[in-house]
Amino acid sequence: MTEFQKRVVQGLSSLLLGAVSSSVAHAGDAGSSRSWQGFHGGIALGAAHGKASPDSTVSLGSPNYVQPVNIPRVTDALRRSIDGNSFSGSGLAGYDIQRGNLVFGIEADLTLMDFSETTRTRTDYSGLGDSFQVENRLETKFSFSIRPKIGYSFGDTMVHAGIGPVIGRFKYSSRYEDTTANNPDDFFSRTRTAWGVSLNVGVNHAIGNDWYLRGDYVFNHFPNAVDGNSAITATGAPHNSGVKHDSDFDFHTVRVGLMKRF
């Protein structure tokens, strides 16, 4: 994470903590007539951290390209995590119903980001005097979630939590090459739409005329962001080894927003 991104995350976290402190300070106003019922919409900006944790495997071919003694080394390279940071922008819209201090609702969340990270791992083969390299890359640009939520009003401040399905689109590629004379050819690339679960907790504080500030944390988990098969094949020879590409993806976002109730 760059120094600038660290400062952004620290600033957003401070705003979120400030909103939480405000909710505690207004706890005595729980009987306020402030209404959180109705349609609402707005935008939010945030800083995010994404991480893919591959669980890819190498299988024996007939005949093999990757010898059994080297399969653990190749597997380890394929399973190196892919992680990085990104800024995000979100559009939110939903509807809430209030009963006393309890608030129930549903919310749609479209988030755009520019996550694109690559890992490269070069490792020596066992006993061959040669080495191989695995390069994995993952990109994702958006997520869309619909979350039922529940909240509690302290008057001008409301805390909420929500959970629901999320959909995202992922582009994954993996390249395998080595320094032998066999010139192995294995380049796998696939774009995949994946489903997951989205968790959101946040604090909302009214600032007048049905406008309010919002600070929240979003966690999106995609259990099957990558799924596909390829083969490491020697050029001009029948030797090959199969590769099963598999990975989940987690995305953590801290953000602040400006919302309007209609």
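The legends below accompany an overview and several close-up views of a predicted model.

**Overview. The chain combines two helices with nine strands.** Followed along the sequence, these elements come in the order α-β-β-α-β-β-β-β-β-β-β. Of the 262 residues in the chain, 45% are buried, and the chain exposes about 12300 Å², of which carbon and sulfur atoms supply 57%. Among contacts between residues at least 6 apart in sequence, 74% join residues that are at least 24 apart.

**View 1. The largest nonpolar core holds 16 residues.** Phe115, Leu138, Phe170, Tyr172, Phe222, Phe249 and Phe251 are the members that touch the most other members. At least two residues of this core come from each of the strands β1 (38-54), β4 (102-124), β6 (157-178), β7 (186-208), β8 (211-233) and β9 (240-261). A second, separate core has 14 residues, including Tyr65, Ile71, Leu78 and Val243.

**View 2. Tyr172 and the residues around it.** Leaving aside residues up to four places away in sequence, Tyr172 touches Ile82, Asn136, Arg137, Leu138, Phe188, Ser189, Arg190, Val226 and His245. Of these, Leu138 is, like Tyr172 itself, listed among the core members that touch the most other members.

**View 3. Aromatic rings form eleven pairs in the model.** The rings of Tyr125 and Phe132 have centres 5.1 Å apart and planes at 40 degrees, so this pair is classed as tilted; both Tyr125 and Phe132 are buried. Elsewhere, Phe115, Phe170, Phe222, Phe249 and Phe251 form one aromatic cluster, and these five phenylalanines also appear among the core residues that touch the most other members.

**View 4. Salt bridges between strands β4 and β5.** Lys149 and Glu107 meet through their side chains in a salt bridge of 3.6 Å, N to O, and this pair joins strand β5 (residues 131-153) to strand β4 across 42 residues of sequence. Lys149 counts as buried at 9% relative accessibility, and Glu107 is buried as well, with a relative accessible area of 2%. Arg147 forms a salt bridge with Asp109, their closest N and O atoms being 3.0 Å apart; Arg147 lies in strand β5 and Asp109 in strand β4, 38 residues apart, and both residues are buried. Through shared partners, salt bridges join Asp96, Glu107, Asp109, Arg147, Lys149, Arg214, Asp216, Arg255 and Arg261 into one network.

**View 5. A salt bridge between partly exposed residues, Asp76 and Arg80.** The closest N and O atoms of this pair are 2.9 Å apart. Asp76 has a relative accessible area of 41%, while the value for Arg80 is 36%. The whole structure contains 16 salt bridges.

Terms used:
Residues are numbered from 1 along each chain as its sequence is written. This is a predicted model: local features need pLDDT of at least 70, side-chain atom pairs count only at pLDDT 80 or more; totals for chains, interfaces and linings use all residues. Side-chain values use heavy atoms; hydrogens and water are left out. A nonpolar core is a set of buried Ala, Val, Leu, Ile, Met, Phe, Trp, Tyr and Cys residues joined through side-chain atoms within 4.5 Å. Buried means under 20% relative accessible area, exposed over 50%, partly exposed in between (1.4 Å probe, protein chains only). Helices (H or I, at least four residues) and strands (E, at least two) are DSSP runs, numbered from the N terminus. Contact means heavy atoms within 4.5 Å. Rings of Phe, Tyr and Trp (its six-membered ring) pair if their centres lie within 6.5 Å; planes under 30 degrees apart count as stacked, over 60 as edge-to-face and the rest as tilted. Accessible areas come from the Shrake-Rupley method with a 1.4 Å probe; for residues, only the protein chains shown count as cover. A salt bridge is a side-chain nitrogen of Lys or Arg within 4 Å of a carboxyl oxygen of Asp or Glu.
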